[in-house]
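Hi everyone, thanks for coming along. Please open the structure on your screens, and we will take a short tour of it together.

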Amino acid sequence: MNTYIVRGKKIHVEIFGDRSLPAVLFLHGGPGESCYEFVYHQSNRFSDQFQLVAIDQRGVCRSEGLSETEPFGLQDLVEDCEELRKQLGINRWAVIGHSFGGYLALLYASAYPNSITNVVFECPTFDFAWTAKSLLRRAASVFLKQGAEKKSEECLNLAASNLPSKCLFDWYLRLGEELGEHKEDIYRVNADTSIDYSAYTDEEWEAFDDRTDIHLERLREEGRIFQSIVSLLPSLSIPSLLVMGDADPVTCDKHVEAYNQMANGHKVVINNCGHTPHAECPDVYYRIVSAFLLQDEWRFVEMGNGLYTYFNKDVSK
């Protein structure tokens, strides 16, 4: 079954693995991406040891589209997670949040701590201003490589400004689109992350993109996504893992510094990896995340500089 009616809306849900196994909810990024890529790279891996639940969030991609007038906001995404957990008869589950999904995962874990066993933040943002400035700096380097010096300088000037989060986000979206096919250079180190999109026609993908545009615009208009939630980190009592690529532009140094203040948090940085460890380094990513979620004999060991953390067993082989 791929569709559940959650709080009056059709939500695309994919479930892998035996239902007797520990449950894990995956929350995609964006706002307005999809669980398609994560499922493509990770569903077979996770299904051996977990019941993986992956969704397209309300109004996104294969879920029912939003009208431009129906009530919708950030809190709906949180409440959808909790209602789906109840519908599936899951007592407690782990949550993996990628990018904006990490923002959503922190909100969910803060609102419903008794529903969640632990949280994995994969290349998250907790502050859109921090992330937008970091992305603009990376975009500047990409523009420079393309010989667009004025665009590069424009990005750097914006990154050094004190503009509000929403303005910085809008500027990044606009300038990022000007990079065309080179926009991916902002996010990925490993370009060879092939994925088969043939499960849907080009027309269907276009329709999915239209839904995403409405979803993003509605969240942007509401404005709550532009509020920093860094202050929620210290009060998070659930064990958590920050996993990121060493070249990820989204989880900038300020995010890492804030996360370092958590008493119950662990960190792993994957070398030669960008913003999508689950796709760029799928085997290493799964070994790290599954070890954390299962809380087996692997322990976290600091590697001296406070940023790199690995296990006492080599999970990279």
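I will start with a pocket, then follow one helix, and end with some ring pairs and a few backbone details.

One thing to keep in mind: what you are looking at is a predicted model.

Let's begin with the largest pocket, which has a volume of about 1500 Å³. Its lining is made up of 46 residues, and the closest to the centre are Gly30, Gly32, Glu33, Lys183 and Glu184. If you want to find the walls by element, look for helices H1 (36-46), H4 (128-145), H6 (165-178), H7 (184-187) and H8 (202-222), which each give two or more residues to the lining. Which helix gives the largest share? That is H8, with 8 residues. Sorted by class, the lining holds 19 nonpolar, 15 polar and 12 charged residues.

Two of those central names sit beside a backbone detail. The peptide bond that runs from Gly30 to Pro31 is cis, and its omega is near 0 degrees. You can find Pro31 in the loop that leads from strand E3 (23-27) to H1. Gly30, on the other side of that bond, is among the residues closest to the pocket centre.

Now follow that loop into H1 itself. Is this helix mostly covered or mostly open? It is mostly covered, with 8 of its 11 residues buried. The buried ones are Tyr36, Glu37, Phe38, Val39, His41, Gln42, Ser43 and Phe46. Here is a general point that helps when you turn a helix around on screen. An α-helix has 3.6 residues a turn, so residues three or four places apart point the same way.

Let me pick out Glu37, which belongs to H1. Is Glu37 buried or exposed? Its relative accessible area is 16%, and the cut-off for buried is under 20%, so Glu37 counts as buried. What does its side chain meet in there? There is a polar contact of 3.0 Å between the side chains of Glu37 and His278. Beyond residues up to four places away in sequence, Glu37 touches Arg188, Ile195, Thr276, His278 and Ala279.

At the end of our list of buried H1 residues was Phe46, and that one leads us to another helix. Val289 is in helix H11 (residues 282-294). Along the chain, Val289 and Phe46 are 243 residues apart, yet their C-alpha atoms are separated by 9.7 Å. Setting aside neighbours within four places in sequence, Val289 is in contact with Phe46, Ile96, Val120 and Leu241. With a relative accessibility of 0%, Val289 is buried.

Phe46 also takes us to the rings. Together with Phe26, Phe38, Phe50, Tyr285 and Tyr286, Phe46 belongs to a cluster linked by ring pairs. How many aromatic pairs does a search of the whole structure find? The count is 21, and I would like to show you two of them.

In one, Phe121 and Tyr259 meet edge-to-face, at 6.4 Å centre to centre and with 80 degrees between the planes. This pair links distant parts of the chain, since Phe121 is in strand E6 (residues 116-122) and Tyr259 is in helix H9 (residues 253-259), 138 residues apart. Both Phe121 and Tyr259 are buried.

In the other, we have Phe128 and Phe226. Why is this pair called edge-to-face? The ring centres are 5.7 Å apart and the planes of Phe128 and Phe226 stand at 80 degrees; planes over 60 degrees apart count as edge-to-face, so this pair does too. Here again distant parts of the chain are linked: Phe128 is in H4, and Phe226 is in the loop between H8 and strand E7 (240-245), 98 residues away. Phe128 is buried at a relative accessible area of 5%, and Phe226 is buried at 12%.

To finish, two backbone details. Arg7 is not a glycine, but has a positive phi of about 50 degrees. Arg7 lies in the loop between strand E1 (3-6) and strand E2 (9-16), and is partly exposed at 39%. Cys61, also not a glycine, has a positive phi of about 50 degrees too. Cys61 sits in the loop between strand E4 (51-56) and helix H2 (74-87), and at 4% relative accessibility counts as buried.

That is the end of the tour, so please jump in with your questions.

Methods: Residues are numbered from 1 along each chain as its sequence is written. This is a predicted model: local features need pLDDT of at least 70, side-chain atom pairs count only at pLDDT 80 or more; totals for chains, interfaces and linings use all residues. Side-chain values use heavy atoms; hydrogens and water are left out. On a 1 Å grid over the protein atoms alone, a cavity is a set of points where a 1.4 Å probe fits but cannot get out, and a pocket is an open set with protein on both sides within 12 Å along at least five of seven lines; lining residues have an atom within 4 Å of a point. Grid points are joined across faces, edges and corners, and a volume is the space filled by probe spheres set on the points. Helices (H or I, at least four residues) and strands (E, at least two) are DSSP runs, numbered from the N terminus. Ala, Val, Leu, Ile, Met, Phe, Trp, Tyr, Cys and Pro count as nonpolar, Asp, Glu, Lys and Arg as charged, and the others, Gly among them, as polar. Buried means under 20% relative accessible area, exposed over 50%, partly exposed in between (1.4 Å probe, protein chains only). A polar contact is a pair of N or O atoms within 3.5 Å; within protein, one must be able to donate a hydrogen and the other to accept it, and residues adjacent in sequence count only if both atoms are side-chain atoms. Contact means heavy atoms within 4.5 Å. Rings of Phe, Tyr and Trp (its six-membered ring) pair if their centres lie within 6.5 Å; planes under 30 degrees apart count as stacked, over 60 as edge-to-face and the rest as tilted.
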